[in-house]
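Work through the exercises below with the sequence and the model in view. Try each task before reading its solution.

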Amino acid sequence: MLFSRKTKGFFVEFNENSVLLARTTSTVPPMEVEEFRECPLGDEAAITNALKHLQTKKPPSGYMHAVVGVYPPRRLVRRHTLELKKMKEAGYMADVFSQQLRVEQDKYTLAMLNAGDGADYDLSKATQKEVIFCGAPNEEIAAVQETLLNFGIYPERLELGSVATLGALVDYFAFEKSKTPTLVLDVGNDTTHSFILSSAGVEASRPIPQGLEAMVPVVQKELGLKDEESARKLFRSNTFDFTGMGPLLIKRLLKELQSSIGFYEVQTGQSVGQVVCIQLSPKLSWLEGALASSLGISTPKVNTVPWLRTRNVVVPDALAPTVGDFRWFGLTGLMVRYETHNGSPRDEKK
């Protein structure tokens with residue numbers, strides 16, 4: 001039988017809105033998804049119950065070993081062009097971190113990846129100039145690990161959720177033979193990470209110091225609410241349709257995105273044709289449509305089941321509607337193993 005391994009696989013995504021969980025028939029492909037669960041981020045009882053439900057038997061260690069995707073607030077995911085002639089100069093990389101990326105190298109856990117295929121960058125060879133820097137502050141990683149352990153989750157592998165999603169999207173677009181450059185927005189509370197992807201990899205990236213919180217004062221002003229907290233509660237609830245107000249709420253963010261897209265299109269001669277937002281809660285689903293409409297582009301229709309099957313991750317018919325919701329894309333992306341150009345599998349997709 002194809003799925004005969006006894007060790008179950010567990011996959012968890014802690015994003016800024018919710019906790020997504022899955023149990024599979026194996027820790028690595030080939031595997032079949034057995035169950036999905038979702039809990040609000042702040043509901044500890046619901047998370048604890050979901051974890052108990054997913055584990056058919058208590059593990060000997062007391063911890064559920066899982067592959068985990070997380071979104072630390074000050075995460076770094078940035079495409080950068082290296083000056084290869086300077087790579088051997090003392091202080092060059094330190095300068096890149098401090099001056100270009102604006103991070104304190106000793107306070108961050110960082111990785112360098114090839115921008116095209118996501119493979120680990122080989123510093124000893126340093127032959128490729130286009131790289132992706134990924135990482136997060138050490139203190140935020142430690143806090144995440146403590147949270148996971150408190151819930152009884154032992155992270156066998158800890159990934160930046162946004163990086164796992166980007167890697168999965170690049171692979172998915174290649175599977176779909178899509179030629180359309182895509183704007184991918186990781187919209188957080190305080191920062192929006194903007195990326196332009198193609199099937200060839202991450203083409204551009206830019207952090208924008210505006211997120212969902214920047215929209216709250218606009219809600220307060222437009223609806224005449226007494227304070228920002230009232231506006232925040234309404235904005236985060238499902239009791240008001242913000243679709244009509246969308247263009248006003250995204251006005252500042254839109255200006256930044258138009259600038260990024262314009263620069264990319266002038267540089268490459270290619271037009272960005274679609275936009276997708278990752279880790280948005282269902283209550284804010286209007287945001288993606290508002291951005292697409294204002295930018296004059298579309299939102300892709302994503303059907304991940306055939307793609308996952310080619311990657312030896314089978315989603316039964318009963319669970320297909322769940323993965324049809326793009327919010328689950330990052331979690332299923334954690335299940336997939338990719339290959340580098342030489343054909344060897346890599347454990348890390350980042």
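Is Glu140 buried or exposed, going by its relative accessibility? Glu140 counts as buried because its relative accessibility is 12%. Buried means under 20% relative accessible area, exposed means over 50%, and partly exposed lies in between (1.4 Å probe, protein chains only).

This is a predicted model, where local features need pLDDT of at least 70, side-chain atom pairs count only at pLDDT 80 or more, and totals for chains, interfaces and linings use all residues. Residues are numbered from 1 along each chain as its sequence is written, and side-chain values use heavy atoms, with hydrogens and water left out.

**Exercise 1. Follow the salt bridge of Glu140.**

Step 1. Find the partner. The side chain of Glu140 meets that of Arg74 in a salt bridge, at 2.9 Å from N to O. A salt bridge here is a side-chain nitrogen of Lys or Arg within 4 Å of a carboxyl oxygen of Asp or Glu.

Step 2. Place both residues. Glu140 lies in helix α3 (residues 138–150) and Arg74 in the loop between β4 and β5 (76–81), so the pair ties together parts that are 66 residues apart in sequence. Helices (H or I, at least four residues) and strands (E, at least two) are DSSP runs, numbered from the N terminus.

Step 3. Check the cover of the partner. Arg74 counts as partly exposed because its relative accessibility is 42%.

**Exercise 2. Examine two other salt bridges.**

Step 1. Start with the total. The structure holds 20 salt bridges.

Step 2. Take Arg157 and Glu159. Their side chains meet at 2.8 Å, N to O. Arg157 and Glu159 are both buried.

Step 3. Take Glu213 and Arg236. Their salt bridge spans 3.5 Å, N to O. Glu213 sits in the loop between β11 and α5 (216–223) and Arg236 in helix α6 (residues 228–236), so this pair ties together parts that are 23 residues apart in sequence. Glu213 is partly exposed, with a relative accessible area of 23%. Arg236 counts as partly exposed too, at 25%.

Step 4. Look for a network. Salt bridges that share partners join Lys8, Arg23, Glu34, Glu35 and Arg37 into one.

**Exercise 3. Describe the open sheet of 4 strands.**

Step 1. Read the order. The strands run β11-β10-β9-β12, with mixed pairing. Two strands pair if DSSP finds at least two bridges between them.

Step 2. Find the edges. β11 (201–208) and β12 (274–278) each have a single partner strand, so one side of each is left without a neighbour in the sheet.

Step 3. Inspect one pair. Strand β9 (residues 182–187) and β12 run parallel, joined by 5 bridges. Thr182 has Gln274 in β12 as its bridge partner.

Step 4. Add the helices. Helix α8 (residues 251–268) packs on the sheet and touches β9, β10 (192–198) and β11. Helix α9 (residues 286–295) packs on the sheet as well, touching β9 and β12. Contact means heavy atoms within 4.5 Å.

**Exercise 4. Find unusual backbone geometry.**

Step 1. Recall the background. Most residues other than glycine have a negative phi, and most peptide bonds are trans.

Step 2. Go to Pro30. The peptide bond from Pro29 to Pro30 is cis, with omega near 0°. Pro30 is placed in the loop between β2 (18–24) and β3 (31–40).

Step 3. Go to Arg102. Its phi is positive, about 60°, although Arg102 is not a glycine. Arg102 counts as exposed because its relative accessibility is 65%.

Definitions and conventions: Axes are lines fitted to C-alpha atoms, for helices over the stretch in contact, and angles run from 0 to 180 degrees between N-to-C directions.
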